[in-house]
Amino acid sequence: PEAACLRASIEAPNFQFGADALGAMAAQLGEYSPGGALEGAQNWWAHFADTEQYQDYPLSIAGVPKSQLLEEEAAMDCNQLGKFGCDCKLPPKARRLEASAEQKPQAIPVAAKEIVKGISYGPMPCKAPCVTEQDDFMSEAAKHLWGPRGRADLQIMRQLGANSVRLYGNNPELDHSGFLDEAHKLDLKVSIGISDFPYTQHEGACAFTGMDCFNQIKESYLLNLKTGFLTESKTYHPAIREVIVVNEPDLKLGLVPAQFTKGVISAIDGILEAEKEAGVVGTPINLTVAYSFGICLPCTLGDSRPALGQMLHLQEAIHDPLKYGYQPRNDLVTFFYTRFSNSFNTANPADSVKAEFLDHYEQHFPNTPVTIQEYNPPHFDLSDDLPKIIKMAENSTLLTGISFFEFQIRYDKGGSEMDFGMF
């Protein structure tokens, strides 16, 4: 502790110091385990070193190395139970490190939170019901729609004030680098969806393999990583904001929580395995799951409110996958707390989203961001409701923003789907 005091004397105050210090003491005393005097106390270096974050830092960042201390300073005994805290003082002749002008803490301006202002993009080129070979609108075949020499849809989105675009169809055999490059050039982030094909749309889909989606999604995502998602240096393309693992699994993968949740965690596991096999380096992207805004009556974890019940089952499955009949290959818990965000689709107005979801979300997920991946209440005044929901995101610590549903009317779907679409 004395060494840590010396080291900390040149640092700015840190609100997390108390928790970190308590965790260090608990680890040193072996009292952090269940039943211990400091049960549950943890800190990063003692408990999460396997993440390899800051792996090249020397141990001396925790304090001045003993070899560099004067004899008087080296006589420290505050690493004993009962001597922590205010009674623990530096020896009389101990030096205090003086900070240079460069080391002295400076006020760091806090950047304004960037709100996700996205547009959902599935521009099916039909004015009536139709069937196409594919619906991958990130591909080169669709460049006449999104590219600058064609309809320039991406440029139009940017001019409308969007900073993000959400995609649905995704054929991993097709190259997506052109789309991502164009989005990056326009300063648009991309939320990429994994299509329904590996989940439900062919004989080998995981809907027919006991909802274990590991192999199907690993194979599919490995191809994605080779067709534009990664740069030559094997880092993720800078335009990618996140990957939507599956869209509305609570509707597509069966209505039973144990079933659709197993599909989700096995798919996530497959993506993590694909990243390892492909040798992905650098900062990883976030993954998310876009649930419907349906009330989950079969959900049994104490809250069946729209989307919340589904999210709670996923959280439980991440921590206890065996309960859902799945044995993961990767560390899903660390992934969940470092790379995962929740999301949902809704046609409800802002006030309804707040009352039915946001007012209850934080008590269940105090640290997990959430995004509305589809927003558009078609029978409400958008000139009033859209600014309202953006304001809600600005005032929320967890709601990151919305993706407006959608860019183009889906004439091919007909029916109520015709209520949506900007053009």
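How are H12 and H13 oriented relative to each other? They are oblique, and the first view below shows how they meet. This is a predicted model, and the legends that follow walk through it one close-up at a time.

**View 1. Helix H12 crosses helix H13 obliquely.** Helix H12 covers residues 308-319, and helix H13 covers residues 332-339. Their axes come within 8 Å and cross at roughly 135°. That angle is over 115 but not over 145 degrees, so the pair counts as oblique. On the H12 side, look for Gln315, Ile318 and His319; on the H13 side, their partners are Leu332, Val333, Phe336 and Tyr337. Sorted by character, the residues of this contact are 5 nonpolar and 2 polar, with no charged ones.

**View 2. Helix H12 is largely enclosed by the rest of the structure.** Of the 12 residues in H12, 10 are buried, so the helix is largely enclosed. The buried set starts with Leu308, Gly309, Gln310, Met311 and Leu312, and it also takes in His313, Leu314, Gln315, Ala317 and Ile318. Gln315 and Ile318 belong to this buried set and also take part in the contact with H13. The length of the helix can be checked here too: at 1.5 Å a residue, H12 should span 16 Å, and its end C-alpha atoms lie 17 Å apart, which agrees.

**View 3. Helix H9 falls short of the span of a straight helix.** Helix H9 takes in residues 214-229, 16 residues in total. A straight helix would reach 22 Å at 1.5 Å a residue, but the end C-alpha atoms of H9 are only 19 Å apart. The helix is mostly covered, with 12 of its 16 residues buried. Among them are Phe214, Gln216, Ile217, Lys218, Ser220 and Tyr221; Leu222, Asn224, Leu225, Thr227, Gly228 and Phe229 are buried as well. Around them you will find the elements that the buried residues of H9 pack against: helix H7 (177-185), strand E3 (189-193), helix H8 (197-200), strand E4 (240-247) and helix H11.

**View 4. Tyr221 sits among the best-connected members of the largest nonpolar core.** This core has 87 residues, and Tyr121, Tyr199, Tyr221 and Phe357 touch the most other members. Helix H11 (residues 257-278) provides the largest share of the core, 9 residues. In this close-up, Tyr221 is in contact with Ile194, Phe229, Tyr236 and Val243. Its contacts also include Ile271, Ala274, Glu275 and Ile285. Neighbours within four places in sequence are left aside in that list.

**View 5. Ala267 is a buried residue of helix H11.** Ala267 is found in H11, and its relative accessible area of 0% makes it buried. Not counting residues up to four places away in sequence, Ala267 touches Tyr199, Cys213, Ile217 and Val245. Two of these names appear in earlier legends: Tyr199 is one of the core residues with the most contacts to other members, and Ile217 is a buried residue of H9. Cys206 makes a useful landmark as well: it is 61 residues from Ala267 along the chain, and the two C-alpha atoms are separated by 9.4 Å.

**View 6. Two residues other than glycine have a positive phi.** Ala152 has a phi near 60° and is found in the loop between helix H5 (143-146) and helix H6 (153-159). Its relative accessibility is 11%, so Ala152 counts as buried. Glu248 has a phi of about 55° and lies in the loop between E4 and helix H10 (249-252). With a relative accessible area of 18%, Glu248 is buried too.

**View 7. The segment after strand E8 holds a cis peptide bond.** The bond joins Phe405 and Glu406, with omega about 0°. Glu406 is found in the segment after E8 (399-404). Gly414 is found in that segment too, and it is buried, with a relative accessible area of 17%. From Gly414 to Lys127 is 287 residues along the chain, yet their C-alpha atoms are separated by 9.6 Å.

**View 8. The whole chain puts the close-ups in context.** The secondary structure comes to 15 helices and 8 strands. Of the 423 residues, 46% count as buried. Among contacts with a separation of 6 or more, 72% are between residues 24 or more positions apart.

Conventions:
Residues are numbered from 1 along each chain as its sequence is written. This is a predicted model: local features need pLDDT of at least 70, side-chain atom pairs count only at pLDDT 80 or more; totals for chains, interfaces and linings use all residues. Side-chain values use heavy atoms; hydrogens and water are left out. A nonpolar core is a set of buried Ala, Val, Leu, Ile, Met, Phe, Trp, Tyr and Cys residues joined through side-chain atoms within 4.5 Å. Buried means under 20% relative accessible area, exposed over 50%, partly exposed in between (1.4 Å probe, protein chains only). Helices (H or I, at least four residues) and strands (E, at least two) are DSSP runs, numbered from the N terminus. Contact means heavy atoms within 4.5 Å. The expected span of a helix is 1.5 Å times one less than its number of residues. Axes are lines fitted to C-alpha atoms, for helices over the stretch in contact, and angles run from 0 to 180 degrees between N-to-C directions. Angles under 35 degrees count as roughly parallel, over 145 as roughly antiparallel, 65 to 115 as roughly perpendicular and the rest as oblique. Ala, Val, Leu, Ile, Met, Phe, Trp, Tyr, Cys and Pro count as nonpolar, Asp, Glu, Lys and Arg as charged, and the others, Gly among them, as polar.
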